Amino acid sequence: MSILERFCLTGRVAIVTGASSGLGVAFAQGLAEAGADVVLGARRAERLEGTRKLVTDAGRRALAVATDVARQPDCQALVDAAMAEFGRVDVLVNNAGIGTAVPATRETVEQFEQVIDVNLNGCYWMAQACGKVMQPGSSIINISSVLGLTTAGLPQAAYSASKAGLIGLTRDLAQQWGGRRGIRVNALAPGFFASEMTDQYKPGYLEQQLHRVPLGRTGDPAELAAAVVFLAGDAGGYITGQTLAVDGGMTIT
Ligand SMILES: NC(=O)c1ccc[n+]([C@@H]2O[C@H](COP(=O)([O-])OP(=O)(O)OC[C@H]3O[C@@H](n4cnc5c(N)ncnc54)[C@H](OP(=O)(O)O)[C@@H]3O)[C@@H](O)[C@H]2O)c1
């Protein structure tokens, strides 16, 4: 196998959650360009249509399924739909997530639980459903955040806890499933990438944080999609249980 063939995903089937906007769209497109057929999940079914077209324009097959990852039966239904359509699941990108910033003394039970339900529990329901059907050689990529590793000047207890929890989940599933099941489980910790989530920042916030980023700029979603493709296939074949920061160096400062 040549070195470039190790990055090729032809014949593989990938599920991307949160594929209706932002980074999930770039992941779906990147995986399709690398050769994978892609199953798309998110709540806004109409927005998934745009992503579906990007995948088919890349010459791959796509399936869009309205999914709320906070609901375990929805996660099982998404994986069941992938199996019914394609007969296999090789890659899961656990990307669906919500971001909030609420001062700890004001945060309600509902606000905190909603973030954990989507960002952490949703990833576990998806991983469980995929882990039951994935064959050896499969790969799970959890989209954590630099906020799982450090702070960034906003009151984000729920978000940070969910993303740090995802790093622990990654480690544990990697040791549970690495042997006989042959499933690798890794996490990415993105820094700042333009998306609907980062559109919510107050003016000046991003500029202030960029002083901490040695590369001095926000990331291009395609640069994160490239890391997903690397971890998804044989190129990342000996990497499991790891969290890779794709953050322009932010977490070294
Ligand atoms: N952008 C960044 O700089 C950055 C940095 C670090 C980490 N991240 C992480 O990257 C991931 C993607 O974020 P983004 O920046 O691309 O934000 P985004 O544009 O807001 O996208 C979030 C995606 O998650 C989906 N989603 C939210 N709640 C969901 C639910 N209950 N069930 C299913 N899907 C749900 C949304 O779709 P629907 O609303 O249609 O359901 C949307 O497709 C998140 O996990 C985020 O924490 C982003």
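Which residue in β2 is the bridge partner of I15? In β2, that partner is V39, and this pair is a handy place to begin a walk through the fold. The structure is a predicted model, in which local features need pLDDT of at least 70, side-chain atom pairs count only at pLDDT 80 or more, and totals for chains, interfaces and linings use all residues. Residues are numbered from 1 along each chain as its sequence is written. Helices (DSSP runs of H or I, at least four residues) and strands (DSSP runs of E, at least two) are numbered from the N terminus.

Strand β1 (residues 13–17) lies parallel to β2, and 5 bridges join them; two strands count as paired if DSSP finds at least two bridges between them. From β1 the chain passes through helix α1 (residues 23–33) to reach β2, in a right-handed β-α-β crossover. Right-handed here means that, with the strands pointing away from the viewer, the path from the first strand over the helix to the second runs clockwise. On its way, α1 is followed by G35, which has a positive phi near 115 degrees.

How many of the residues of strand β2 are buried? A residue is called buried if 20 or more other C-beta atoms lie within 10 Å of its own, exposed if 12 or fewer, and partly exposed in between, with C-beta atoms placed from the backbone. In β2 (residues 37–42), 6 of the 6 residues are buried, so the strand is largely enclosed by the rest of the structure. D37, V39 and G41 point one way, while V38, L40 and A42 point the other way.

Strand β3 (residues 62–66) also pairs with β2 in the parallel sense, over 5 bridges, and here A42 stands opposite A66. Together with helix α2 (residues 45–57), β2 and β3 form a right-handed β-α-β unit. Helix α2 is also home to E49, which is partly exposed, with 13 other C-beta atoms within 10 Å. From E49 to V65 is 16 residues in sequence and 9.9 Å in space, C-alpha to C-alpha.

Helix α1 is mostly covered, with 10 of its 11 residues buried; among them are L23, V25, F27 and L31. What do the buried residues of α1 pack against? Their partners are β1, β2, α2, β4 (91–94), β5 (139–143) and α7 (221–232), where a contact is two C-beta atoms, placed from the backbone, within 7 Å.

Further along the chain, strand β6 (residues 184–190) is mostly covered too, as 7 of its 7 residues are buried. R184, N186, L188 and P190 point one way from β6, and V185, A187 and A189 the other way. Strands β5 and β6 run parallel and are joined by 5 bridges, with R184 in β6 as the bridge partner of S139. Helix α5 (residues 157–177) completes a right-handed β-α-β unit with β5 and β6. Strand β7 (residues 243–246) pairs with β6 in the parallel sense over 4 bridges, and L244 in β7 is the bridge partner of L188.

Finally, there is the ligand. Of the 30 residues around the ligand, G18, G22, R43, G97 and S195 come nearest, a residue being near if its C-beta atom, placed from the backbone, lies within 6 Å.
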